[in-house]
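Student: I'm new to this one. Could you show it to me and walk me through it?

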Amino acid sequence: MQSFIQPVIDRYGTSSDQLLPILRDIQSEFQHIPAEAIECVALSLDIPRTQIISVIEFYSFLHSTPQGKYALLVSDSITDHMLGKQDLMSYMASQLKVSIGELRTDGLVSLNNTSCSGMCDQGPAGLVNGYALTNLDRPRIDAIVKLIEQNIPVQQWPSEFFMVKDNIYLPGLLLQDPIAPGDALKARFQKGLQQTLTEIDVSGLRGRGGAGFKTAMKWRFCSEEIETERYVVCNADEGEPGTFKDRVLLNTYAHQVFEGMTLCASIIGAEQGFLYLRGEYLHLYDKLQNILQQRRHSGLLGNNILEQGLNFDIEIRMGCGAYICGEESALIESLEGKRGIPRNRPPYPVSQGYLNKPTVVNNVETFFAASKIALEGGQWFADVGTKQSQGTKILSISGDCTKPGIYEYPFGTSIKQVLHDCGAASDILGIQIGGPSGTFIAENEVHRTLAFEDLATGGSFIIFNQSRNILDIVKNFTHFFAHESCGFCTPCRVGTLLLKKQLDKITEGYGSAGDVAALEELCQLVKNLSHCGLGQTAANPILSTLERYPESYQQRLKKISYEPGFDLDASLETARRLANRNDAGAHLAQVEED
């Protein structure tokens, strides 16, 4: 084992911030991270063994116990459920002769769920050894089972199993005319630093990850910090179920995203950048590395970029399956080789980010837009959209529509127009705007508009028709948040689990009116007392649907004042058998009818 680990350490170095890539490589070799490997890494990086164990336990894609030679994960997103995921997964388990969540006794294959694989436009989807599998159906599963039983390496599986399409249906201001590599940087050097920053400011560009903070202001704050060692981080950890636009931007427009990062570096004075790539997008890793290398050969990265004295390079860091790392301070912690726990703020990352140095963290779409604004000018962008929301927004649309994929709209576009374009039928039940943490709107709200002042979104639209059950949707979202809570603060760690249990009690038909009231009260506690955005938004699916579809909850309730969440009388069955009693006195009536 030492003979394998030492070259890995030599490749990444002995800085503790390289812990995650080192652990990923070890797991790729051994299908888990053995105790002996933990000892070696702890010694080499000079960090406590317990720190490494806590990191392994934190990330979904790292394991301290063996996984299968073929590690299969199937996406548990609501869109996969809508496409028959549960039946397919049961079929897959039966064909592979392995239980869900377990390793087969011969160690050949393991099967489990994963929250969302970022393929909501081409599901049901999954991962095998980290690589995306799209459009799963029974014939494809039969073929996969055959390949596994024959021990065929994943690299030799049919390429169509791993085909990931962009599905761009409506390109707009940004998508229809990508810039040539280097053009934005040439424009920046021609206009000068201050004028370029002014153009970004005039454009009104706001962060496209969801928070909507003004990009020019963030860059200016960072550039004004006294500390001169600064960093640029591109947040490509889009983990919100239903969101996949960053996947498309990095697959087809990566040059422009990297150009935006380099532009930012030239303005804030950074020499090092990171692309934090979602673990589910492993299929993009080699392609992106090649593009970075092309840019180095072209003088667009490295030392003395375009012979203008700018030094800047970009490193790709892979995530390890933690939704919370989409939060910028949690992402920075992950970059530093730690568990992705959101930091207390202030200080903000622009003052103390990566390694406590000034750091700009922006979303993929933000860098993508900034590079074109630098070339075309701020007013070109600001002339589109609304007064408070300039420019366009790129959407990932999935669910009950005929054309799930990528669409770009000017801000101010109505939801009705979006539904028309993507082929959503007229029998709309509702639309989840901005993923599970966003807002669920009903069919009678389609006149509302895409805009920060109305319906803000990081880019996810999930459409549901009248055949869907609102409580099944809310249940999926609530289970997602309970699973993804980082566990740092009690209101979120405990609260999301209680939300899950209370909602399950209602959806399974054991709830009463008092349970709904208790559920709503619990929602407010989790929303108001949680440490970061995950907990603060985890109750949104329940609250927004309680407001719009109270009858859906009422229909599941029993006409009693209170009922416990479990069958008390049934739990005494063992005691009755041991006592050899089954008379009326040995039974408990646990509810009282009104």
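Tutor: Sure, and a definition goes up front: two strands pair if DSSP finds at least two bridges between them. Helices (H or I, at least four residues) and strands (E, at least two) are DSSP runs, numbered from the N terminus. This is a predicted model, where local features need pLDDT of at least 70, side-chain atom pairs count only at pLDDT 80 or more, and totals for chains, interfaces and linings use all residues. Residues are numbered from 1 along each chain as its sequence is written, and side-chain values use heavy atoms, with hydrogens and water left out.

Student: Okay, which residue stands opposite Gln432 in β16?

Tutor: Gln432 is part of strand β14, which covers residues 428-433. β14 and strand β16 (residues 460-465) run antiparallel and are joined by five bridges. Opposite Gln432 in β16 stands Ile462.

Student: And which residue faces Gln432 in β15?

Tutor: β14 also pairs with strand β15 (residues 439-442), in the antiparallel sense, over four bridges. The hairpin of these two has five residues between the strands, and Gly434 there takes a positive phi near 85°. In β15, the residue opposite Gln432 is Phe440.

Student: How many residues of β14 are buried?

Tutor: Buried means under 20% relative accessible area, exposed means over 50%, and partly exposed is in between (1.4 Å probe, protein chains only). β14 is largely enclosed by the rest of the structure, because its buried residues number six of the six.

Student: There's another sheet, right? Which strands sit at the edges of it?

Tutor: Five strands make up an open sheet with mixed pairing, in the order β9-β10-β8-β7-β11. An edge strand pairs on one side only, and here those are β9 (302-305) and β11 (359-363).

Student: What is the bridge partner of Val233 in β11?

Tutor: Strand β7 (residues 231-236) and β11 run parallel, with five bridges joining them. In β11, Val233 has as its bridge partner Val361.

Student: What angle does helix α13 make with β10?

Tutor: For angles, axes are lines fitted to C-alpha atoms, for helices over the stretch in contact, and angles run from 0 to 180 degrees between N-to-C directions. Contact means heavy atoms within 4.5 Å. Helix α13 (residues 285-297) packs on the sheet and touches β8 (272-277) and β10 (310-318). Its direction and that of β10 make about 170°.

Student: How far apart are the axes of α9 and α10?

Tutor: Helix α9 (residues 193-203) brings Leu197, Ile200 and Asp201 to the contact, while α10 brings Thr215, Ala216, Trp219 and Arg220. Helix α10 (residues 215-223) packs on α9 at an angle of about 145°, and the distance between their axes is 7 Å.

Student: Let's look at cysteines. How many disulfides are there?

Tutor: A disulfide is a pair of cysteine sulfur atoms within 2.5 Å. Cys486 shows how a pair misses out: its sulfur is 5.8 Å from the closest cysteine sulfur, in Cys532, so a bond is ruled out by distance. Over the whole structure, the search finds zero.

Student: Which cysteine sulfur is nearest to that of Cys120?

Tutor: Cys120 counts as buried, because its relative accessibility is 5%. It is in no disulfide, and at 3.8 Å away the nearest cysteine sulfur is that of Cys116.

Student: Is Pro342 buried or exposed?

Tutor: Pro342 lies in the loop between α14 (328-335) and β11. Residues it touches, not counting those up to four places away in sequence, include Ile324, Cys486, His531 and Cys532. With a relative accessible area of 3%, Pro342 is buried.

Student: How many of the nine residues of helix α22 are buried?

Tutor: Helix α22 (residues 540-548) is mostly covered. Its buried residues include Pro541, Ile542 and Leu543, and they pack against several elements, among them β15, α18 (470-484) and α19 (490-507). The number of buried residues in α22 is seven.

Student: Last one: what percentage of the residues in the protein chain count as buried?

Tutor: The protein chain has 25 helices and 16 strands, and its C-alpha trace spans about 90 × 60 × 50 Å along the principal axes. Of its 594 residues, the share that counts as buried is 56%.
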